[in-house]
Amino acid sequence: MNDAYFDHQLNIQTEIYYESYSRGAIHRYEPTDYIHLEKLFQMIKPLITVDDVFVDIGSGMHRVPIYAAHQLQVQTKGIEINKQLYMHALKNIQAYSKHHRCHIEAINCDILDYNIKAQDSIFFLFNPFSVHIFKKFIDSLLSIKDLQRKLLILYYPDASYINYLQYFNEITLLHTIKLEDYDNDKQEMIHIYAINYEI
């Protein structure tokens, strides 16, 4: 089953070609493979509660938040700085909502302008920006007063992201999912980190 099949099942369109380029600290749009999301969700499902909120940072056309809501049955959000991608995400949420009850939100802003909510508990990143911005995001996340348990998911993690996380005792690598071409590309994996998590 290819990505177009999953889009059809969800009544959304995320396979549409969108020409974008990396601009300074912001990386270009590229959708996440559904088969990789299936592996990820199977891994984290035992860790999920009904109160969790899944946040995709750099959510593009909203494939990940919609599929996460569908598979994990939790509230989801997508944060996207590109206005065109955000507008397309709104259409996808509306189309999905015609056939499914859900709580899916799209937010058009820079992640550094987003006020992380206490209930935001699962963060998904597919290398959306430079390590400079990533560091500011992590610092902001860890500065939350009375920080509760969080999961941080890095898809195709950049080495600079991984290296920065090693400096924090409160962040623990929980799982690594090696994807099908890992032997040829060591970046082809998913890292799942626990923050203030009782393992």
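This report describes the fold of a predicted model, from the whole chain down to single residues.

**The chain as a whole**

The protein chain contains six helices and seven strands. In sequence order these elements follow the pattern α-α-β-α-β-α-β-β-α-β-α-β-β. The C-alpha atoms of the protein chain fill a box of roughly 45 × 35 × 35 Å along the principal axes. A compact globule of 199 residues would have a radius of gyration near 16 Å, and the protein chain agrees with this because its own value is 16 Å.

Of the 199 residues, 52% count as buried. The accessible surface of the protein chain comes to about 10400 Å², and carbon and sulfur atoms account for 47% of that surface. Among contacts between residues at least 6 apart in sequence, 72% join residues at least 24 apart.

**The sheet**

The seven strands form an open sheet with mixed pairing, in the order β3-β2-β1-β4-β5-β7-β6. Strands β3 (104-108) and β6 (171-178) stand at the edges; each has a single partner strand, so one side of each is left without a neighbour in the sheet. From one strand to the next, the twist averages 20 degrees. Helix α4 (residues 83-97) packs on the sheet and touches β2 (75-80) and β3, and the direction of α4 makes about 165 degrees with that of β3.

As a general point, the strands of a sheet pair through backbone hydrogen bonds, in either a parallel or an antiparallel way. Some of the pairings in this model can be followed residue by residue. Strand β1 (residues 53-57) pairs with strand β4 (residues 120-125) in the parallel sense over five bridges. Within that pairing, valine 55 has phenylalanine 123 of β4 as its bridge partner. Strand β1 also pairs with β2, in the parallel sense and over five bridges, and here valine 53 stands opposite glutamine 75 in β2. Strand β2 in turn pairs with β3, again parallel and over five bridges, with glycine 78 opposite alanine 106 in β3.

Helices link these parallel strands. A right-handed β-α-β unit is made by β1, helix α3 (residues 63-72) and β2. Another right-handed β-α-β unit is made by β2, α4 and β3. Is strand β2 enclosed or left open by the rest of the structure? Five of the six residues of β2 are buried, so β2 is largely enclosed.

**Selected residues**

The table gives the place and relative accessibility of five residues.

| Residue | Place | Relative accessibility |
|---|---|---|
| Aspartate 120 | strand β4 | 0%, buried |
| Aspartate 56 | strand β1 | 3%, buried |
| Asparagine 127 | loop between β4 and α5 | 13%, buried |
| Leucine 147 | loop between α5 (131-142) and β5 (150-155) | 16%, buried |
| Glutamine 73 | loop between α3 and β2 | 59%, exposed |

Two aspartates lie in strands. Aspartate 120 counts as buried because its relative accessibility is 0%, under the 20% limit. Leaving aside neighbours within four places in sequence, aspartate 120 is in contact with Val53, Val55, Lys77, Tyr114 and Lys150. With the same kind of neighbours left aside, aspartate 56 is in contact with Val64, Pro65, Lys77, Gly78, Ile79 and Phe124. The C-alpha atoms of aspartate 56 and phenylalanine 123 are separated by 5.9 Å, although these residues are 67 apart along the chain.

Leucine 147 lies in a loop. Beyond its neighbours within four places in sequence, leucine 147 is in contact with Leu141, Leu142, Ile195 and Asn196. Isoleucine 16 is 131 residues from leucine 147 along the chain, and their C-alpha atoms are separated by 38 Å.

**Positive phi values**

Most residues other than glycine have a negative phi. Which phi value does glutamine 73 have? Glutamine 73 has a positive phi of about 60 degrees, although it is not a glycine. Asparagine 127 also has a positive phi, near 40 degrees, and is a residue other than glycine. Glutamine 73 sits in the loop between α3 and β2, and asparagine 127 in the loop between β4 and α5. Glutamine 73 is exposed at 59% relative accessibility, whereas asparagine 127 is buried at 13%.

Definitions and conventions. Residues numbered from 1 in each chain as written. Predicted model: local features only at pLDDT ≥ 70, side-chain atom pairs only at ≥ 80, totals over all residues. Heavy atoms only, no water. Pairing = 2+ DSSP bridges. Helix = DSSP H or I, 4+ residues; strand = E, 2+ residues; numbered from the N terminus. Axes fitted to C-alpha atoms, helices over the stretch in contact; angles between N-to-C directions. Contact = heavy atoms within 4.5 Å. Rg over C-alpha atoms; globule rule 2.2 N^0.38 Å. Buried < 20%, exposed > 50% of the residue type's maximum accessible area, 1.4 Å probe, protein only. Areas by Shrake-Rupley, 256 points an atom, 1.4 Å probe, with all protein chains shown as cover. Right-handed = clockwise from strand over helix to strand, strands pointing away.
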